[in-house]
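Please work through the exercises below with the sequence and the 3D structure open beside you. Try each task on your own before you read its solution.

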Amino acid sequence: MSTAYLNGVFLPLDQAHVSVMDRGFLFGDGVYEVIPVYGGKLFRLGPHLRRLQNSLDAVRIGNPLAGKDWESMLARLVASNEGRDQTVYLQVTRGVAPRRDHAFPVDSRPTVFAMCTPCLVSRDIDNEPGISAITLADIRWQHCNIKAITLLPNILLRQQAIDADTAEAILIKDGYAIEGAASNIFIVRKDALKTPPNSAALLPGVTRDLILELAKTNGIPWREADITVEELAGADEIWLTSSTREISPVIRLDDRPVGNGKPGPLWNRMIRLYQNYKEAVRQGMAA
Ligand code: PDD
């Protein structure tokens, strides 16, 4: 049984319980982060903790831990669990209130929960099959930059993708491709990389930002600009990125091949740069 953290206590995951009066349970009133761990090291912890702070500020929950306390708690959690490669899930809810009322309770204490799972990605880059995706209308709200635990639209969209025998939904709003149901989107056209600029319409992905950094430092042309559905349909490559999937090449979109129907050359280059970066983190040469 893996070790979890709940409100200051480390304990076996199956013994971690919260009240049914917790606003996370009753309203989905909370925010979360998913942080990969490579070689026992938390990957891009600074950007994840900054995004957590932004999410907490946006929903007006006071951060229950100082930055160094998050760091020490998460380091202890990772050390308490098996495996050098893991994924940390953490969430902060508005806490337990005496009665169910939409308005904020007067003095509740946030509930802090974190757990580790074994790393999902084990990748054979040379034999990457790629994934299929479908486009669906973006039915979410107007604050998608907040990493809220309230994920019902994302869940329904992802399930619609699965029901159509695909791995992920690409969300379309006003004629533009915004992001995946649980991932950011990149396209490649004429050897240049393009991803939508950050806005309230999408989650500012930590993986996305690292890919842009790697593009910059390696002389790969890139642009932050809106992606029209026509550009999406005519893209040479489409990638979906997240902390758990890293960089997935989309080889079929809406039942038509993307490019030549195989992971493209720029994906091949970027996934190697990404793996090298992970290795540097494992060696303590990068964060
Ligand atoms: N989701 N956009 C959405 C809507 C997401 O849910 C995620 C990640 C991303 C990618 O963000 P990052 O690169 O920081 O992981 C973009 C996580 C993995 C999840 O919900 O499990």
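The exercises that follow concern a predicted model, and each task is followed by a solution in steps.

**Exercise 1. Find which residues of helix 2 are buried, and explain why they line one face of the helix.**

Step 1. Begin with the extent of the element: helix 2 covers residues 45-59, which makes 15 residues, and the distance from its first C-alpha to its last is 21 Å, close to the 21 Å expected at 1.5 Å a residue.

Step 2. Next, collect the residues with under 20% relative accessible area, since that is the cut-off for calling a residue buried. In helix 2 these are Leu45, His48, Leu49, Arg51, Leu52, Ser55, Leu56 and Val59.

Step 3. Now look down the axis of helix 2: the buried residues fall within an arc of 160°, and therefore they line one face of the helix. On the other side of helix 2, Arg50 and Asn54 are exposed.

Step 4. Finally, ask what lies over the buried residues of helix 2: the cover includes strand 3 (30-38), strand 4 (41-42), helix 3 (67-80), strand 5 (86-93) and helix 5 (206-217). Just after helix 2 comes Arg60, which has a positive phi, near 60°.

**Exercise 2. Describe the largest nonpolar core and the surroundings of Leu42, one of its residues with the most contacts.**

Step 1. The largest nonpolar core contains 25 residues, and Leu42, Trp70, Met73, Leu74 and Val88 are those with the most contacts inside it.

Step 2. Trace where this core comes from: at least two of its residues are supplied by each of strand 3, helix 2, helix 3, strand 5 and strand 6 (111-118).

Step 3. Turn to Leu42 and set aside its neighbours within four places in sequence; it is then in contact with Ile35, Pro36, Val37, Leu74, Ala75, Val78 and Val88.

Step 4. Separate from this core there is a second one, with 22 residues, including Phe186, Leu210, Ile271 and Leu273. Leu210 also appears among the buried residues of helix 5, together with Val206, Thr207, Arg208, Ile211, Leu212, Leu214 and Ala215.

**Exercise 3. Identify the residues closest to the ligand, and give the distances from polar side-chain atoms of Arg51, Thr207 and Ser243 to ligand oxygen atoms.**

Step 1. The ligand is surrounded by 20 residues, of which the closest are Tyr32, Arg51, Glu179, Thr207 and Ser243.

Step 2. Take the three distances in turn: a polar side-chain atom lies 2.8 Å from an oxygen atom of the ligand in the case of Arg51, 2.5 Å in the case of Thr207, and 2.7 Å in the case of Ser243.

Step 3. Combine this with the first exercise: Arg51 is one of the buried residues of helix 2, while Thr207 is one of the buried residues of helix 5.

Step 4. Thr207 is also touched by Ser242, which, when residues up to four places away in sequence are not counted, touches Ala182 and Ser183 as well. Ser242 itself lies in strand 14 (residues 237-242), and it counts as buried because its relative accessibility is 11%.

**Exercise 4. Decide whether Asp191 and Glu246 are buried or exposed, and state where each of them lies.**

Step 1. For Asp191, phi is near 65°, a positive value in a residue other than glycine. Its place is the loop between strand 10 (184-189) and strand 11 (192-195), and because its relative accessibility is 60%, Asp191 counts as exposed.

Step 2. Glu246 likewise has a positive phi without being glycine, with a value near 60°. Glu246, however, belongs to strand 15 (residues 246-253), and with a relative accessible area of 0% it is buried.

**Exercise 5. Describe the position and the contacts of Asp138.**

Step 1. Locate Asp138 in the loop between strand 7 (131-137) and helix 4. Although this is a loop position, Asp138 is buried, because its relative accessible area is 14%.

Step 2. Look at the side chain: that of Asp138 makes a polar contact with the side chain of Arg140, at 2.8 Å.

Step 3. Complete the picture by leaving out residues up to four places away in sequence, after which Asp138 is seen to touch Leu171, Ile172, Lys173 and Ile178.

Notes:
Residues are numbered from 1 along each chain as its sequence is written. This is a predicted model: local features need pLDDT of at least 70, side-chain atom pairs count only at pLDDT 80 or more; totals for chains, interfaces and linings use all residues. Side-chain values use heavy atoms; hydrogens and water are left out. Helices (H or I, at least four residues) and strands (E, at least two) are DSSP runs, numbered from the N terminus. The expected span of a helix is 1.5 Å times one less than its number of residues. Buried means under 20% relative accessible area, exposed over 50%, partly exposed in between (1.4 Å probe, protein chains only). The arc is that of the directions from the helix axis to the C-beta atoms. Contact means heavy atoms within 4.5 Å. A nonpolar core is a set of buried Ala, Val, Leu, Ile, Met, Phe, Trp, Tyr and Cys residues joined through side-chain atoms within 4.5 Å. A residue is near a molecule or strand if one of its heavy atoms lies within 4 Å of it. A polar contact is a pair of N or O atoms within 3.5 Å; within protein, one must be able to donate a hydrogen and the other to accept it, and residues adjacent in sequence count only if both atoms are side-chain atoms.
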